[in-house]
Amino acid sequence: MKINKENLSDIREEYEKAHRLINEESKHDPPTEPFRSHYSARDVLNASLRKVKTLAEALDPTSDAATTVRCIHANILKDIAKITTFVEEPNGEVLLNEALELIEADRGKEPALNVHIEILNQLGIMRCNNSNFAESKVFLDQAKDIYADAKERELEPLTMADLFGTKEEVEKGKGLKLLESNLTLTLYYLAQVFGFLDNLSESARYCHITLKRQLEYNEYEHVDWALNAATLSQYYFPRNHLAQARHLLAASTYMMHRYEAEVVEKVTNPEERGEKEETLRYRMADIARCWAKYGLHLLCASKERLSKDDDSDEEGPKEPPLTPVRKMERFVGLELAPYEDQVTDEFCLTFDDAKLVMLNSLSWLNKAKEYYTKETEATQYSKIVQDVASLYKHLSFFEEDEGNQCKLLKRSVDQLEEIIETLNPTYYQSICREAWYELGLTYSNMLNIKLGQLDDLQSTERPTPHALNKINHLCDKSIQNFKKFLTSYKVPLDTLQLPASIEEGEMQPILYALFHIGRLYYRIITPDKRLKLKNTENSLLYYGQFVECCKDERMKPLFVQEISVWSQNTAATATTLLTVVMTSPKISADKTTDSNAATPKHQSAGSQEPTANMDAAAGPSSVKAAVAATVETIRERGFYGYFSWLKVFRFANLMIRQGC
């Protein structure tokens, strides 16, 4: 038996009615019945399915007519399965497997090509949504193989409309266009699956192929395409594929400008035009931030590259220099040169190179701030300001003049201070923590510059009180911000005992803050011996807590260099502490041996401490000898192997009290 147009006319009408319900009527479904049109469409498709089954029973299973009917049957099952999944009901996968089994005998035939790929795509999506990524990839690979076979054999695939018509009514080219569209979806889904399988390079490659195919076959929505291109750039530039990342960002900006010209400008309805313009501003702000991230990475990677070169010069043989990856895939037909020429795709070598990159990124961030304001989008606004602060900080690395370095770091500080002034720490705790920590680091970097200038100055003249006050001010500001960072985790500043509620991932910055505060207290310059003793006590307190926390086996590998620095600083701090105690005006070497011997400590002949202090009282040379012996013992046996710092403080305080 043959089928003719009349045999399929009723089924075709019902099929088209179902798709009108899904594509058009569903837009007007009330909120109380969000799936009303989809349920109606499924009922219509089920009715047509019964007619198809009746028709198939009267056909020879090996005939071309039977193949056509099976393909129509499979298409209807696929659509019912999609509706079932959309309305969040089970059995969608069961229906798809039934459709797949139905057309298995027709694999490779022209009527079955498109529906076969569509079914496999849907099964791939379902398995991916159920976290069965390996199985999902199997289905999608099968779909890709069917496409490759069809292209190799130069087959002419058919659409659903072609299946309902006669051979004379087949629309040339539409089936082939649908085949290409189906493959684009297959590749897009494969990109997602590779991402879930942690094969990021393949995921990025398939994403790029998808974008190229969408352009080639004019199957894209401007905004979505632009966002996908900008997002893909975020994969490439951290891996130093700078040319590829810049190309993607240029393409995304170009596409948004096309959206403005081809879509927004042609809308006449004021309300609809307002919505389109809002979308344009919103998404252009996001793309602007992506451009800024590209510039930030370029500055940061350039800084890292130059630092490695310096290290290689000091240590011996050079490592191969970090170089940008030149391999790239370009989009065809897009005029992107005006966008790409705005910023380089090479690493920066000089301050002038870095300044151009910084200014370009700064201009993009200023555009982003036009949409993300602190009144409407405080969180995103703060993140933009953080990026501005980072730009100034990275640029300071390339500046050779120390005065200008400090000016750039001061601009970075101003940006971060704005965040603290703008946000309520109770509601924006995470961002405030980041700002406090970064402020502590930046003030510390400014301190290093000022200390370097002070060292250079001392070789020729005495430092001015203003210079000393500036150093102490930077120490104080850095300590204050690090302490705010610690107290946000409810760390008591008197004991520094870390709460058990702190997660392991947050321990590293907390321990770094302890380490920095210990260092900063030691850097404070003061002629007051008591204040110097207090600062030294604080330094040891923070260093000590840092080392106690680093005894945790999970933390040791993260702080190898810091523990080494601590060991050196502890000996130096002990030296300072003993020197401060023994040269205090009340207990200095100017006092006679007799007056010191009159104290209770010196009346015990068997005590080691009185002996040491009697020797110290004999004169400056004895003080130096005692300090040197103590430091040598600390180096050999460790600070805690010789005595606890609490014992040192008790001894110092007792001496001060008796001297008074």
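# A walk through the helices

L176 is partly exposed, because its relative accessible area is 28%, which falls between the 20% limit for buried and the 50% limit for exposed. Before we go further, please keep in mind that this is a predicted model. L176 belongs to helix 8, which covers residues 174-196. Leaving aside residues up to four places away in sequence, L176 touches K151 and P157. You can also look for T159: it stands 17 residues from L176 in sequence, and the C-alpha atoms of the two are 8.6 Å apart in space.

Next, let us move along to a pair of helices. Helix 9 spans residues 200-216 and helix 10 spans residues 222-236. The two pack at an angle of about 150°, and their axes are 11 Å apart. Angles over 145 degrees count as roughly antiparallel, and helix 9 and helix 10 are therefore roughly antiparallel to each other. Their crossing is left-handed.

Which residues bring helix 9 and helix 10 together? From helix 9 come L200, S201, A204, R205, C207, H208, L211, Q214 and L215, and they meet W225, N228, A229, L232, Y235 and Y236 of helix 10. Sorted by character, the residues of this contact comprise 10 nonpolar, 4 polar and 1 charged.

Now for helix 14, made up of residues 351-371. How far apart should its ends be? With 21 residues at 1.5 Å a residue, helix 14 should span 30 Å, and its end C-alpha atoms are 31 Å apart, so the expectation and the model agree. Several positions in helix 14 are buried, namely A354, V357, M358, N360, S361, L362, W364, L365, A368 and Y371.

Finally, two loops deserve a visit. Most residues other than glycine have a negative phi. E88 is not a glycine, yet its phi is positive, at about 65°. To find E88, look in the loop that links helix 3 (64-86) with helix 4 (92-102). Is E88 buried or exposed? Its relative accessibility is 68%, so E88 counts as exposed.

Further along the chain, K490 also has a positive phi of about 65° without being a glycine. K490 sits in the loop between helix 18 (465-487) and helix 19 (507-523). Because its relative accessibility is 68%, K490 counts as exposed.

Conventions:
Residues numbered from 1 in each chain as written. Predicted model: local features only at pLDDT ≥ 70, side-chain atom pairs only at ≥ 80, totals over all residues. Heavy atoms only, no water. Axes fitted to C-alpha atoms, helices over the stretch in contact; angles between N-to-C directions. Helix = DSSP H or I, 4+ residues; strand = E, 2+ residues; numbered from the N terminus. Parallel < 35°, antiparallel > 145°, perpendicular 65-115°, else oblique. Left-handed = near helix turned anticlockwise from the far one by under 90°. Contact = heavy atoms within 4.5 Å. Nonpolar A, V, L, I, M, F, W, Y, C, P; charged D, E, K, R; others polar. Buried < 20%, exposed > 50% of the residue type's maximum accessible area, 1.4 Å probe, protein only. Expected span 1.5 Å × (residues − 1).
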